[in-house]
Structure formats: C-alpha cells, structure tokens
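Please look through the following protein chain slowly, first as a whole and then part by part. The report after it is meant to be read with the structure open beside the text.

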Amino acid sequence: MTPRTGSESGPGLTESAASERAVDRARAEGLEAQILELQHTPGALQQEKDLVQGRLNAYRYLVLTLPNEIVSEIFVHFLPVYPHSPPLIGPRSPALLGQVCRKWRDIALSTPELWRAVRLTLNKKRRREQQLRLLETSLERSGSCRLSIELCFKSNDADSGTWELPFLQTIARHLLTVEWIAGDQLMDVLRYAANLVFCQASFYDLGVGQQPRKDVVLPSLETLILSKSSRSNPRLGGLVLLTLPALRRLQVAEPFLQPDPISTLVSLVSKSGCILQELCITHSHLSRDMYQTALPSVASFIFNGQLDIDDPDDMSFWNLI
C-alpha cells in the first residue's frame, strides 16, 4: 500500500512547505533575539558615552584653570601700556578678548581697566551712531578708572561741530579730571561735566563765537588751568560764562583776561563766590601789586610760571586732535 504524499509533515502540508515553515520559524526566533539585543544597545551605548564624556569633562585646558584675577591681569598686559589707547574693536582691542569663549568674555566685561583707554577716529560719513554706542559702552564698563581718551576728528565740514558734540558730551559725563582739551568747544563740553574737579585746557581762541550761550556752572571744579597756544590770538569770551564756586587754584594766560584782566578776575571770583587760594598769571604784563591789591584774599601769586600739580597720575587724559 502506497502512503499519501506529505503525511509525515502534517495534514495539508507538502514536504517543501514544512521545510520553509521551519526556516521561517528559525528566522523569526533570530530576529526576536536581535530585537532584544537592539533594545538593550541604546542603554549600553549611552552608558559608554557617559563614561567618555566624564573623562572629557575631567580634562580642562590649563589656561582655563587660572583664577579670574590672574586672567584679568594678563588681559590688561595684552593691551598697550596705559595711557596709550587700543582700538575699541578689532586686533589688539579689549573686545577681541571677549570673543574667545564665554569665560573670557565674562572676565573682560568685568575688568574696568580694559576699558579705561579709548581711541576713536571719527568721520562724519562712517558709522557715527555705531561709534557713539561703542564709546558709551566702553566708558560705562570703565567704572571709576581714570580715563585716557583719544579722539581724532576727520571732517572739515561746516557742521562738524554739530556731529562731534555728542561724542564730547558723552565723554564729559564720565570725567572727574581732564588734561589738555584742544578745540573751540570747551563751553559746550563743560556744560555736561558737573563732576569735573581738575581741568587743563589749551586754546587758540576762548571766544564764544557769534551765538549767545548760557552760563556754565561747575560746582566741583577746584583747579582750572587755561593756556594759550603760541600761535593764538586769544580774546575774552567763554571765561565770563563760568561760575566756579569750588575753585581754589587758577592758572590763566593774561591775554584771556583782556581788555581788563583785573576786573575780569575780580568778577569771576565775586560771581562764583569761591575762595581762591592760588593764582598763576602767565604772559603777564601787569604788575604783581595790581593783582595783589585787587585780590587780597589770595594767599599765593605766581607770575609767568606754572601751578604745581601734586599728583599727575591721578589725572585723566583727554586729547582732541
């Protein structure tokens, strides 16, 4: 008797079908094993990554291990020696230091000495608003440091005084002491310098120009030195606008006091209500007796000499070219 085909593989299945089923079953078991393995792989990989990251985190660049105070001192020495001024942006600028990493940026922004010296070349046609913002930001970051400010104006336009003035006014708000202001905008600048204690200025002309101006009151100014350029032909003007209640020391070129030097000085002292202690007259042609008689309360007179400046290191430097 001949057996039925496929009877050994179960009812309804041929031998080839049974073989394929066995293969599929084995494949399914293999895939399930792979799935289980893959399900555990992310965790294993994450664990390995954590170990590697931990080793990376344990490693630090040596420069980043330095105390902030040391890094800050290094930054200061990176810049030109004070009072020489670096540019506000670009190579050799304090802003460049803050572009390296976040830590260096934080250190740079919190180091006032980096921002105490400013150099700007100003041109009416070149980003005036941007330069003014840079100047304001730098002066704010300088804190209470004495300032060294160098401004070079590159404009011969008739209205140059108008567009330059915001820069000068911004500077004036941050000064306590100023040395050497060269220009004809002193009165416009001083109007914003309420905290000014020391001022030394050199002029070609101290006239007030054609436009009338208001008086300038400087409640804290103790020392005022007004020098004339060798090429100047000074005339009376701006000096009569000053009210200086705290003035103690005055050095002035006699030509600035014309046409009547004695009356001009007496008027300034009387109007200010100040107690003038030292008076230095340069380029003098009048006699010492005339000044001493008119101002008997002044303790010390100097003629054709200079006031002794006690501590020039405490001054700020303001150069207008």
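What follows is a report on a predicted model, moving from the whole chain to single helices, pairs of side chains and backbone details.

**The chain as a whole**

The chain contains nine helices and 11 strands, and of its 321 residues 38% are buried. If one takes the contacts in the chain with a separation of 6 or more, residues 24 or more positions apart account for 67% of them.

**Helix α8 and its surroundings**

Helix α8 runs over residues 261-272, and its 12 residues reach 17 Å from the first C-alpha to the last, which is close to the 16 Å expected at 1.5 Å a residue. Several of its residues are buried, namely Pro261, Ile262, Thr264, Leu265, Leu268, Val269 and Ser272. These buried residues of α8 pack against three strands, β7 (242-243), β8 (249-253) and β9 (278-282), and also against the helix α9 (288-294). Both sides of α8 carry a backbone detail worth finding in the model: in the loop between β8 and α8 lies Pro259, and the peptide bond that leads from Gln258 to Pro259 is cis, with omega near 15°, while just after α8 there is Gly273, which takes a positive phi of about 70°.

**Two salt bridges**

Side chains of opposite charge can pair when their charged atoms come close. How many salt bridges does the structure hold? There are two of them, and the table sets them side by side.

| Pair | Closest N and O atoms |
|---|---|
| Lys271 and Asp215 | 3.0 Å |
| Glu278 and Arg249 | 2.8 Å |

In the salt bridge of Lys271 with Asp215, whose closest N and O atoms are 3.0 Å apart, Lys271 belongs to helix α8 and Asp215 to the loop between β4 (198-203) and β5 (216-217), so the pair ties together parts that are 56 residues apart in sequence. Lys271 is partly exposed, with a relative accessible area of 36%, and Asp215 is partly exposed as well, at 41%.

For the salt bridge between Glu278 and Arg249, with 2.8 Å between the closest N and O atoms, the partners sit in two strands, Glu278 in β9 and Arg249 in β8, and the pair links distant parts of the chain, 29 residues apart. Glu278 has a relative accessible area of 22% and is partly exposed, whereas Arg249, with 14%, is buried; the cut-off behind these two words is a relative accessible area of 20%, under which a residue counts as buried.

Strand β8 also holds Gln251, which counts as buried at 6% relative accessibility. Leaving aside residues up to four places away in sequence, Gln251 touches Leu224, Ile225, Leu226, Ser227, Cys280, Thr282, Gly305, Gln306 and Leu307.

**Rings and charges**

A search of the whole structure finds three aromatic pairs. In one of them, Phe301 with Phe303, the ring centres are 6.3 Å apart and the planes meet at 15°, so the pair is stacked. Both Phe301 and Phe303 are buried, and together with Tyr291 they form one aromatic cluster.

Rings can also be found beneath a charge in this model: the charged end of Arg92 sits over the ring of Phe78, 4.9 Å from its centre, and Arg141 lies over the face of Trp115, at 4.6 Å from the ring centre.

**Cysteines**

How many disulfides does the structure hold? The number is zero. Among the cysteines, Cys199 is buried with a relative accessible area of 1%, and Cys274 is buried with 10%.

**Backbone details in the loops**

Most residues other than glycine have a negative phi, and most peptide bonds are trans. Against that background, the loop between α2 (68-78) and α3 (94-97) deserves a look, for Pro83 lies there and the peptide bond from Tyr82 to Pro83 is cis, with omega near 15°. Arg92 is found in the loop between α2 and α3 too; its phi is near 65°, a positive value in a residue other than glycine, and Arg92 is partly exposed, with a relative accessible area of 42%.

His283, in the loop between β9 and α9, has a positive phi of about 50° although it is not a glycine. At 41% relative accessibility, His283 counts as partly exposed.

Key. Residues are numbered from 1 along each chain as its sequence is written. This is a predicted model: local features need pLDDT of at least 70, side-chain atom pairs count only at pLDDT 80 or more; totals for chains, interfaces and linings use all residues. Side-chain values use heavy atoms; hydrogens and water are left out. Helices (H or I, at least four residues) and strands (E, at least two) are DSSP runs, numbered from the N terminus. The expected span of a helix is 1.5 Å times one less than its number of residues. Buried means under 20% relative accessible area, exposed over 50%, partly exposed in between (1.4 Å probe, protein chains only). Contact means heavy atoms within 4.5 Å. A salt bridge is a side-chain nitrogen of Lys or Arg within 4 Å of a carboxyl oxygen of Asp or Glu. Rings of Phe, Tyr and Trp (its six-membered ring) pair if their centres lie within 6.5 Å; planes under 30 degrees apart count as stacked, over 60 as edge-to-face and the rest as tilted. A charge sits over a ring if NZ of Lys or CZ of Arg is within 6 Å of the ring centre and within 35 degrees of the ring normal. A disulfide is a pair of cysteine sulfur atoms within 2.5 Å.
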